[in-house]
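Subject: Structure handover and findings

Hello,

Here is the structure for you to load. My notes come after it.

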Amino acid sequence: MAFDSNAGNFLSGGYGDASSGLDAFVPEIWGQAVQESFDKKLVMTGLGTDWSSLVAANGDYIRLPLVEDMGTGTATDANTLDTAISYTDNTASAGQVAITINQHSYSAAMVEDLAQVQSSYDLLSIFTERMGTALALKVDDYLENLVNTALDDSGSLDGLTVDGGGTAAAIDQTGLANMIETAVTEDADINNWSVVVHPTSYGKLFLVDEFITGNQSGLGANAPVQNGLVGQLGGMNVILSNNLQTSYTDSSSPVNIAGYLMHKSALHYAYSIRPRVQTQYDIDHLSTKIVADVAYGGAIKGSTTAGEKTVFAII
């Protein structure tokens with residue numbers, strides 16, 4: 001039987017010319033797969049607030065007003081008849097948080113047989129999983145570094161620490177009591193706080209009865225679905241991140257930490273470009289160049305003033 005010169009790669013759609021099958025790049029396949037992998041691997045974004053909706057026309061700057069606790073006044077008949085209510089007493093402003101979109105990260109690959117990769121879920125996943133994961137780790141690393149830098153000597157949160165109680169930057173039962181007291185002093189709603197730990201301090205949590213008991217009873221049906229969530233301590237979610245640094249700079253010297261005690265209002269971020277996929281065929285290498293990229297920025301809200309403390313290094 002003679003070979004038909006018009007027969008194409010059967011994985012790319014079988015019989016036909018070069019343009020009739022899956023040899024043409026399908027952005028919906030790649031873009032969705034990279035986005036799903038990206039979303040599954042992000043940890044730090046679950047601890048903050050996404051302001052991407054405010055990035056208009058690919059803008060690169062967002063100003064968020066910082067409003068402190070609001071005061072109150074007493075309204076009487078005199079207010080409505082002769083005297084206006086006081087806006088000075090009722091409104092307090094603490095400036096603003098500025099988010100600059102100045103980070104642009106990418107992950108790239110060269111695929112020799114695009115048709116075969118696109119027609120096989122397993123082969124496609126090799127590329128999309130790695131690309132999405134690489135971008136997510138880059139974003140997580142950036143956001144975690146914002147927190148760590150804010151706690152440094154020259155940072156806006158310099159000096160904010162809480163004693164974890166354990167040796168070698170671990171958390172013990174006494175440390176848990178310290179953390180709860182520190183948290184509720186700033187915001188009495190313990191659900192607004194999270195404990196973020198690195199792998200070493202996470203392992204040592206299994207020496208804390210409160211953590212073991214919480215894991216045995218489970219998080220419950222109403223527990224939030226959050227990447228990195230590994231349990232609870234005193235009503236606070238415990239988040240594990242492999243990107244967490246194990247120290248920060250205090251008095252120009254590194255200090256070991258178990259992680260961070262973080263309020264939900266501390267971290268703010270935005271994307272001007274969410275993960276996207278672009279391609280170009282390279283005839284010199286007979287391959288398709290594939291690039292996934294994301295543009296983003298972030299900022300930390302908080303200060304060392306009582307009532308405005310949002311992040312503490314657990315030492």
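Below is what I found, taken region by region.

One caveat before the details: this is a predicted model.

**The four-stranded sheet**

Start with the open sheet. It has four strands in the order β1-β12-β13-β4, and the pairing is mixed. Strands β1 (48–50) and β4 (103–111) sit at the edges, each pairing on one side only. Direction ignored, neighbouring strands in this sheet are turned by 30° against each other on average. Strands β1 and β12 run in the parallel sense, with three bridges between them. Within that pairing, D50 stands opposite Y269 in β12.

**Aromatic pairs**

How many aromatic pairs does a search of the whole structure find? The count is eight. Two of them are described here.

Take Y142 and Y296. Their ring centres are 5.4 Å apart and their planes meet at 70°. An angle over 60 degrees counts as edge-to-face, so that is the class of this pair. The contact links distant parts of the chain: Y142 belongs to helix α5 (residues 121–151), Y296 to strand β13, and 154 residues separate them. Are these two tyrosines buried or exposed? The cut-off for buried is under 20% relative accessible area. Y142 has 14% relative accessibility, so it counts as buried. Y296 has 2%, so it is buried as well.

The other pair is Y269 with Y271. This one is also edge-to-face, at 6.0 Å centre to centre and 80° between the planes. Both residues are buried. Together with F38 they form one aromatic cluster. Note that Y269 is the residue in β12 that D50 stands opposite.

**The β9–β10 hairpin**

Strand β9 (residues 247–250) and strand β10 (residues 253–256) pair in the antiparallel sense over four bridges. They form a hairpin, and two residues lie between the strands. Which residue in the turn has a positive phi? It is S251, at about 55°. D250 has S253 in β10 as its bridge partner.

D250 also takes part in a long-range approach. Its C-alpha is 9.3 Å from that of S154, while the two residues are 96 apart in sequence. S154 is in the loop between α5 and β5 (161–162). The relative accessibility of S154 is 75%, so this serine counts as exposed.

**Helix α5**

Besides Y142, look at F127, which also lies in helix α5. F127 has a relative accessible area of 22%. The buried class needs under 20% and the exposed class over 50%, so F127 is partly exposed. F127 and A33 are 94 residues apart in sequence, yet 9.3 Å apart in space, C-alpha to C-alpha.

**A nonpolar surface patch**

Last, the surface. Which residues make the nonpolar patch? They are Y281, I283 and L286, and the patch covers about 370 Å². I283 is placed in the loop between β12 (267–282) and β13 (287–300). Its relative accessible area is 64%, so I283 is exposed.

**Where to look**

If you want a short list for the viewer, try these:

- the ring pair of Y142 and Y296
- the cluster of F38, Y269 and Y271
- the turn with S251
- the patch of Y281, I283 and L286

Best regards

Notes
Residues are numbered from 1 along each chain as its sequence is written. This is a predicted model: local features need pLDDT of at least 70, side-chain atom pairs count only at pLDDT 80 or more; totals for chains, interfaces and linings use all residues. Side-chain values use heavy atoms; hydrogens and water are left out. Patches are made of residues with over 30% relative accessible area and no salt bridge: like charges are joined within 9 Å, nonpolar side chains (Val, Leu, Ile, Met, Phe, Trp, Tyr) within 5 Å. Accessible areas come from the Shrake-Rupley method with a 1.4 Å probe; for residues, only the protein chains shown count as cover. A salt bridge is a side-chain nitrogen of Lys or Arg within 4 Å of a carboxyl oxygen of Asp or Glu. Buried means under 20% relative accessible area, exposed over 50%, partly exposed in between (1.4 Å probe, protein chains only). Two strands pair if DSSP finds at least two bridges between them. Rings of Phe, Tyr and Trp (its six-membered ring) pair if their centres lie within 6.5 Å; planes under 30 degrees apart count as stacked, over 60 as edge-to-face and the rest as tilted. Axes are lines fitted to C-alpha atoms, for helices over the stretch in contact, and angles run from 0 to 180 degrees between N-to-C directions.
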